[in-house]
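Got the viewer open? Here is a walk through the model, one selection at a time.

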Amino acid sequence: MIDWMEVFVVALTFMEGNEAIAWGAIEAGCRFYAGYPITPATTIFNAMVKLLPPLGGYCIQGEDEIASIGMCLGASMAGLKVMTATSGPGLSLYSEHISFAIGSEIPIVIVIVQRLGPSTGSATRGADGDIQFMRWGNSGGQPVIVLAPSDVRDCFVLTMHAFNLAEQFRCPVFVASNKEVGMTKEGLDIDAIQRPEVRTRTAPPSGQPFLPFRVDPGQSVPYFLPIGHEILVRQTSSTHGPDGYITTDPEQIARNQERLGSKLLSAVDQFSFHEAYLEEGADTLIITYGVTARAAKDIYLSHKKVGSPVSLLILKTLWPVPEALIKEKAEKVRRVVVLEMNKGQYVREITRVLPQKKIDFFGQMNGQLITPQQIEEVLSNA
Amino acid sequence: MPSLLNKSRPPVFCPGCTHERVVRALDEAYQNMGLKGNQIAMVSDIGCSGLIDTFFNTHAFHGLHGRALTYATGLKLARPELNVIVTMGDGGMGIGGAHFLSACRRNLDLTLIILNNFNFGMTGGQFSATTPPEAQVASGFLNSLERPLDICKVAISAGATYVTRCSSYKKDLAQEIERAIRHKGFSVIDIWGICVGRYAKKNRLTPQKIQESLSKFPSIEGIVEENQRKEYGIHYREMAKGQNTPPSPLRIEPSLESPEKDRQGIIILGNAGQRIITAGDILCLAGLSAGLRVTQKNEYNITVLRGPSISEVILSPEEIGYTGIHRPTVVIAIGQEGVSRRSHMFSKLNEETLIICSKDISLPQTNASIYTVDFKSQGIKSSDRALASLGVLAKLKKAINLEMLQAALEMRFKGPILESSLDLVHRIECY
């Protein structure tokens, strides 16, 4: 017999965002982690080095960030689910391997716990200054997926989604965290979280000759076999045809480049994670992401309470830009207020997607959270 | 065993290039070892040496310049049964120096074949890490300013367990390569060759000259006795087996009642080393024991035991959005550095904020209510003052009470530390 009293007791865990990322990764099936120490991402490594070895997984401290992500790419092609984590200075060093993972379709989850830049900046101050860098910091400019958590719960769930998306689309997936999310501790009812079903990359149907980059009609992602399989697998960072050998055929190259973009751009509606609070009669929609969403939600609630409603859209998928979602949620408002912990990065996308709306921007880069009072001020400066 | 050479993709090196000799010797080694293509992963990077994987019917992983060892490390750990053969040129050796050193130090069972031809052939013959200073190369006089790297000496001092230096023209090159592959650990084979297309155009280099140059070095052939040790993967798996599964995160069931109905913002201002963050942790656990929402964010410099340490804790019966604290209900001021870091805050406080202040702290001008504690006269040392302050809070029934604090301490500590911390929070005097 079920004791209902017991069922209703909410048992909370107490952890920081970085730790929640580690637990989410483990639940998603991550069995290889390599990273180089850097504040404020180090505590992800600290958690993984405890969690992975007893599970038969690998946690390696690379000699630098280039090596760390390189090891992940090797292990991913051997069939393991892999993750690495760093902050802005490490993201700079990841660049060549992010390009590799994009062009050669290697599943990997990359956590960026952002800190105040430019450059080494401030190790223990938060920012969202790498939002465009994650998208464009690769050679070739093909898209990536970027998910942005606002709190500890998001860290757990979005990390699981990140693994699923990396597996499904064979691409790098970023978790764009921030010192203020990663190193802030919260109570979390980890048992009550609705987990997404865990996905794995798709093996080819048997009976056909395997080509490592062949894409069947109606599909957008090549089948995966691991290096070490009975059937030979080729992986290469060079411009390649379906067989994994260099190609110079412009038509073949163009087709592949087109697919590398469209496989994500055409699918973003399937993974446009967000929270939307739309109020009847609201003139303004706040659009924000990351830790700033928390202060924005305070403002949304206080406005609702006093009967002068504003609407709020918290984006959790930043790239590809969930354009349909943004258009739909902004449809009824006259004005959109964009808030970011940087000097204006994602607002470029909002302005592009919503050319008919009045767009107001507020951003701050001083190591401090944007406060509810500051948002209030922005709202009242209509 | 049959040859593993890819018949439809024959080597495309410049005529006379010694890389081709290495390709054939490598194939012979594979055959002699009875290896099938799917038992081998060839990992390569950029430059002429990076073409190698395409000439073989094996698994292949071709990536960025100098990074081959990083991919190989991930591959080999994930698939210990594979023979992982890494090829690099002297160029990759230079740009990937850190990876080379680390691979030597790790001793993972990889075979690194360095096709050393003393220049960047593919980009037009610029100098590399191994170009002699007297050579004529496409980098002007620059190579005359730098000293060439002795790859093998570096490998040995970095801890490689197997190191060989030889000529591409060596008679038993296939056997030499086979010995390196058979070694269980990281093996380096530095094979000197001739770049006919670039380097040899301006520098007279013949098989005999290579042999002469090699003979000037002390011979390095195979096993490095002083570096012998466990293979990294085997060692890792052995160590991993001995690791305990960490406990699932602690679940805290609320069973107590908070003395407060409203949201509490508590800022603890101290110096590094005063266990400020731990006190913040304990406050949160106390809040959770009473079913409250909690957040904790901390501020400190990257130095340990120096500088300010600040913990900001919110305890609230409602969902917590913004994690900063606009107007604290409680400030605990026990370290001057923390107080100085937030000095601007004090003038904005009114009597609704309670400051628990250590007697030796000089506070900026403030209208807040001040509760002074003389820790020193009670014999409470600096590192215990944060926890003792929580005892004061609990006794005043401000933000938490003693039951909540006790529950938190029982979650956080065990044994003698629990006992002494319980003693501390009970013993602290409160007027």
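How many bridges join strand 4 of chain B to strand 6 of chain B, and do these strands run parallel or antiparallel? Select residues 110-116 and 187-192 of chain B: six bridges join the two strands, and they run parallel. To see one facing pair, pick Leu115(B), which stands opposite Ile191(B) in strand 6 of chain B. Keep in mind as you go that this is a predicted model.

**The sheet around that pair**

Now widen the selection to the whole sheet. It is an open sheet of eight strands with mixed pairing, in the order 10(A)-2(B)-1(B)-3(B)-4(B)-6(B)-5(B)-7(B). Colour by chain and look at the edges: they are strand 10 (234-236) of chain A and strand 7 (221-223) of chain B, each of which pairs on one side only. Neighbouring strands are turned by 15° against each other on average, ignoring direction.

Next, add helix 2 of chain B, residues 68-78. This helix packs on the sheet and touches strand 1 (40-44), strand 2 (59-62), strand 3 (83-89) and strand 4 of chain B. Its direction makes about 175° with that of strand 3 of chain B.

**Where the chains meet**

Go to the edge strand from chain A. Strand 10 of chain A runs parallel to strand 2 of chain B, and three bridges join them. For a landmark, select Gln235(A), which stands opposite Phe61(B) in strand 2 of chain B.

Then bring up the whole interface: 57 residues of chain A are in contact with 53 residues of chain B. On the chain A side, the largest share is nine residues from helix 4 (residues 65-77) of chain A. Colour that side by residue class and you get 30 nonpolar, 15 polar and twelve charged residues.

**Across chain A**

Hide chain B for a moment. The domain assignment of chain A gives domain 1 (11-271) and domain 2 (275-380). Their centres, taken over C-alpha atoms, are separated by 28 Å. The contact takes 29 residues from domain 1 of chain A and 22 residues from domain 2 of chain A.

To find the domain 1 side, select among others strand 6 (122-126), helix 7 (152-169) and helix 9 (250-265) of chain A, each of which supplies at least two residues. By class, this side of domain 1 of chain A has 16 nonpolar, six polar and seven charged residues.

While you are in chain A, zoom in on strand 1, residues 13-16. Are the residues on its two faces buried or exposed? Thr13(A) and Met15(A) on one side are buried, and so are Phe14(A) and Glu16(A) on the other. Now add residues 185-188: strand 9 of chain A pairs with strand 1 of chain A in the antiparallel sense over four bridges. Within that pairing, the bridge partner of Met15(A) is Glu186(A).

**Back to chain B: two domains and a helix pair**

Show chain B again. It is divided into domain 1 (19-241) and domain 2 (264-427), and the C-alpha centres of these two domains lie 58 Å apart.

For the next stop, select residues 276-289 and 402-412 of chain B. Helix 10 of chain B and helix 14 of chain B pack here at an angle of about 115°, with their axes 8 Å apart. The crossing is right-handed. Show side chains and you will find Asp281(B), Ile282(B), Leu285(B), Ala286(B) and Ser289(B) in helix 10 of chain B meeting residues of helix 14 of chain B, including Met404(B), Leu405(B) and Arg412(B). The contact residues divide into nine nonpolar, one polar and two charged.

**Two last residues**

Select Arg237(B), found in helix 9 (residues 232-241) of chain B. Why does Arg237(B) count as partly exposed? Because it has 15 other C-beta atoms within 10 Å, and partly exposed is the class between 12 or fewer and 20 or more. Draw a distance to Leu77(B): the two residues are 160 apart in sequence and 9.6 Å apart in space, C-alpha to C-alpha.

Finish at Ser139(B), in the loop between strand 4 and helix 5 (151-158) of chain B. Ser139(B) is partly exposed too, because 19 other C-beta atoms lie within 10 Å. Leaving out residues up to four places away in sequence, Ser139(B) touches Gln126(B) and Phe127(B). Its C-alpha atom is separated by 9.5 Å from that of Gly124(B), 15 residues away along the chain.

Technical notes: Residues are numbered from 1 along each chain as its sequence is written. Chains are lettered from A and ligands numbered from 1 in the order in which they are written. This is a predicted model: local features need pLDDT of at least 70, side-chain atom pairs count only at pLDDT 80 or more; totals for chains, interfaces and linings use all residues. Two strands pair if DSSP finds at least two bridges between them. Axes are lines fitted to C-alpha atoms, for helices over the stretch in contact, and angles run from 0 to 180 degrees between N-to-C directions. Two residues are in contact if their C-beta atoms, placed from the backbone, lie within 7 Å. A crossing is left-handed if the near helix is turned anticlockwise from the far one by less than a right angle, and right-handed if clockwise. Ala, Val, Leu, Ile, Met, Phe, Trp, Tyr, Cys and Pro count as nonpolar, Asp, Glu, Lys and Arg as charged, and the others, Gly among them, as polar. Domain bounds come from an automatic or database domain assignment.
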